[in-house]
Amino acid sequence: MTTHRLFTSKALAGEVAVITGGRSGIGYAIAHDFLACGADVVIASRSAEGLARAEARLADETGRSCGMVPCDVRDEAGVERLYDYVAARHGGATIVVNNAAANFRTPAERMTSRAFDVVVGTDLFGTFHVTRAFVPAMLEAGRGVILNITLPRPEAGFPGFAHCGAAKAAIISLTATWAYEWGRRGVRVNAIAPGPVPTDGVAANMLHGEGAAGFEQITSNIPVGRLGTPADIAAAAVFLCSPAAGWITGQNLVVDGGVYLNGGNAPLMR
Ligand code: NAP
């Protein structure tokens, strides 16, 4: 696991972070760096086996243990059980990272309600359910950070992924609304919009089965000249969730090597 090691081991000391989708890809890298920066971490996703593997690897790589809870973020009762686990083990969360997402390529005219429901249910409703479960205690404590994971410029379209683009655009709106409503009560809400990061999930679901080779083809559209890494996103997450970002709220921070400058997602999806 590559880590930037730019932050001290105390950058997130005293924080308790819940990371959905923390067993793999970007969520795993965020869990890794949060542990390395002193936070207590609970990872949550559907696969108990995947969580157990991630927990063991995180312990090996960081020397710290984390909590894990099998949880489908579409299921409000399951999210309540996640909240109860965190409350019992840590007395509550101070950071929530809404990273869990589903995605798969479907031409818009063939997109079924079920396909739309799976992706919007996971990305948008999952973000809503988890935030709704954890934020009342944060507001009560007068302290907390919500970090949503979105997409650069979804309003410019996401060809082949209408469900995901719609969900991420809505999450950006929620990010701003929540930041307005909760800012004076001590809760900051931001988002990170990652550019192309060749995680296993994305390679499997988004590139017509081309895998990492498909990502290489889009590198020419990236001004910085390389693909992103999970660690690039994790570094931004550490910053936004740390006291160093105490005056930043309501933002959708694009971390994409400059892809945004080239006109959003459409050129990547050709
Ligand atoms: P990934 O490796 O496929 O991770 C997705 C994670 O979400 C998995 O750990 C998965 O675990 C979990 N998950 C899926 N459905 C879930 C559900 N219903 N309930 C709970 N957990 C669920 O993908 P990634 O590339 O790291 O993506 C992470 C985030 O970055 C996502 O929000 C994605 O939209 C965003 N993003 C990624 C890129 C990129 O290029 N990689 C670009 C823009 C945005 P289980 O299977 O165990 O549930």
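How far does a backbone N or O atom of V197 lie from an oxygen atom of the ligand? The distance is 2.8 Å. Keep in mind that this is a predicted model, where local features need pLDDT of at least 70, side-chain atom pairs count only at pLDDT 80 or more, and totals for chains, interfaces and linings use all residues. Residues are numbered from 1 along each chain as its sequence is written, and side-chain values use heavy atoms, with hydrogens and water left out.

**Around the ligand**

- The ligand is surrounded by 27 residues (each with a heavy atom within 4 Å of it), and the closest are R23, S45, R46, N99 and T199.
- Sorted by class, this shell holds eleven nonpolar, eleven polar and five charged residues; Ala, Val, Leu, Ile, Met, Phe, Trp, Tyr, Cys and Pro count as nonpolar, Asp, Glu, Lys and Arg as charged, and the others, Gly among them, as polar.
- Both α1 (25-36) and α6 (200-206) supply at least two residues of the shell; helices here are DSSP runs (H or I, at least four residues), numbered from the N terminus.

**Atoms that meet the ligand**

- In the side chain of D72, an N or O atom is 2.8 Å from a nitrogen atom of the ligand.
- A polar backbone atom of S47 is 3.0 Å from an oxygen atom of the ligand.
- On its own the ligand exposes 890 Å², and the protein buries 91% of that (Shrake-Rupley method, 1.4 Å probe).

**How helices pack**

- Helix α4 (residues 113-141) packs against helix α5 (residues 162-182) at about 15°, with axes 8 Å apart; the axes are lines fitted to C-alpha atoms over the stretch in contact, and angles run from 0 to 180 degrees between N-to-C directions.
- α4 and α5 are therefore roughly parallel to each other (angles under 35 degrees).

Definitions and conventions:
A polar contact is a pair of N or O atoms within 3.5 Å; within protein, one must be able to donate a hydrogen and the other to accept it, and residues adjacent in sequence count only if both atoms are side-chain atoms. Angles under 35 degrees count as roughly parallel, over 145 as roughly antiparallel, 65 to 115 as roughly perpendicular and the rest as oblique.
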